[in-house]
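Subject: Structure handover

Hello,

Here is the structure we talked about. Please open it alongside this note; my findings follow below.

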Amino acid sequence: MSDHRHEDGPRRPGQVKEITSLANPIIKDIKALSVKKNREASGTFMAEGLKLVLDALETGWKIETLIYSKAGQGKPLVERAAARTIAAGGLVLEVSEKVLSSVTHRDNPQMVVGIFKSRWQSLFDIRPKPHETFVALDRVRDPGNLGTIIRTADAAGASGVILVGETTDPFALETVRATMGSIFSLPVTRATPHEFLKWQKSSGTNVIATHLKGAIDYRKADYKSRPVVLLMGNEQAGLPDDLAEAANVKVRIPQQGRADSLNLAVATGVVLFEARRHLLTLADID
Ligand code: SAM
């Protein structure tokens with residue numbers, strides 16, 4: 001093994017475990033995280049990419065395991081991530097490219113992968129404040145849609161994403177990939193439809209449901225006087241009646257052309273940026 005020197009001082013031998021075998025039990029456990037049941041049982045998930053892992057560490061996410069390929073050996077930022085992981089009581093693995101490919105199911109894997117503790121925000125801890133916007137998703141099925149929505153909600157300055165009913169897992173690798181790091185910035189909450197309806201009654205929010213039968217143009221809704229919850233329907237079925245009827249208003253995005261509807265993530269982006277139009281300026285971006 002190399003002399004693992006880094007900016008926080010040299011690490012002691014034994015702090016980095018070298019693994020080249022796919023049959024190694026630690027690697028088997030990590031590969032098992034591709035199954036939702038195992039992610040839930042361990043309360044952990046996988047995120048790829050050095051910058052993303054460093055940003056997550058920077059913002060206080062708890063890392064359990066850092067894995068890097070031999071190509072990362074001696075690179076200062078990889079060394080920094082390794083030192084932080086060890087300082088946090090985590091495990092650091094230096095693995096062959098073959099092992100990293102098999103863990104991430106990619107031919108050209110990123111050099112660094114982190115296994116982090118998952119975080120869920122409790123629904124009844126959410127007390128919306130003026131100018132806050134939340135996105136509530138009814139039974140979202142597609143990991144790419146969910147990841148894109150989390151990323152978009154983060155970019156629009158929303159305060160969280162609420163998953164209502166049986167949904168795809170925000171901590172699945174494909175979803176985490178599609179969030180491009182926003183999984184570490186935006187709180188995610190899960191709720192049954194019953195819990196969501198109970199919460200919305202006392203939340204003081206304007207619940208704006210997007211619906212293909214909505215009579216109001218989405219540009220005419222009130223996004224200013226109260227915190228907003230944008231309620232989006234399932235990809236196939238749209239919103240069920242109980243959620244749609246309990247909303248304060250049902251809005252529609254006018255369409256032309258032959259498409260029946262917009263893709264869920266696209267519809268969310270369109271309404272979300274309208275909802276926050278009065279709060280977003282270019283001065284926010286540098
Ligand atoms: N067949 C479904 C239906 O009848 O609602 C289509 C669902 S659409 C693919 C998924 C979600 O995106 C909808 O439930 C709604 O929240 C939103 N959406 C898509 N196009 C929309 C539009 N033109 N106006 C309002 N919401 C829309």
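How many bridges join strand β6 to strand β7? There are 5, and the two strands run parallel. Strand β6 covers residues 133-138 and strand β7 covers residues 160-164. One pairing to look up: L137 has L163 in β7 as its bridge partner. Bear in mind that this is a predicted model.

**The sheet**

Both strands belong to an open sheet of 7 strands. The order is β8-β7-β6-β11-β9-β12-β10, and the pairing is parallel. The edges are β8 (188-191) and β10 (216-217). Each of these edge strands pairs on one side only.

**Two backbone angles to check**

H131 is not a glycine, yet its phi is positive, near 70°. H131 lies in the loop between β5 (112-117) and β6. Is H131 buried or exposed? H131 has 15 C-beta neighbours inside 10 Å, so it counts as partly exposed.

M180 is another residue other than glycine with a positive phi, here near 50°. M180 lies in the loop between α7 (173-179) and β8. M180 has 15 other C-beta atoms within 10 Å, so M180 is partly exposed.

**Helix packing**

Two packed helices are described by the angle between their axes and the distance between the axes. I have two pairs for you.

The first to report is α6 (residues 143-156) with α10 (residues 264-275). Their angle is about 10°, and their axes are 9 Å apart. Angles under 35 degrees count as roughly parallel, so α6 and α10 are roughly parallel to each other. Their crossing is right-handed. From α6, the contact uses N145, T148, I149, T152, A153 and A156. From α10, it uses L264, A265, T268, G269, L272 and F273. What kinds of residue make up the contact of α6 with α10? The split is 7 nonpolar, 5 polar and no charged.

Next come α3 (residues 50-58) and α4 (residues 76-87), which pack at about 35° with axes 10 Å apart. The crossing of α3 and α4 is left-handed. On α3, the contact residues are L50, V53, L54 and L57. On α4, they are L77, V78, R80, A81 and R84. The contact of α3 with α4 holds 7 nonpolar residues, no polar ones and 2 charged.

Best wishes

Note on methods:
Residues numbered from 1 in each chain as written. Predicted model: local features only at pLDDT ≥ 70, side-chain atom pairs only at ≥ 80, totals over all residues. Pairing = 2+ DSSP bridges. Helix = DSSP H or I, 4+ residues; strand = E, 2+ residues; numbered from the N terminus. Buried ≥ 20, exposed ≤ 12 C-beta atoms within 10 Å, placed from the backbone. Axes fitted to C-alpha atoms, helices over the stretch in contact; angles between N-to-C directions. Parallel < 35°, antiparallel > 145°, perpendicular 65-115°, else oblique. Left-handed = near helix turned anticlockwise from the far one by under 90°. Contact = placed C-beta atoms within 7 Å. Nonpolar A, V, L, I, M, F, W, Y, C, P; charged D, E, K, R; others polar.
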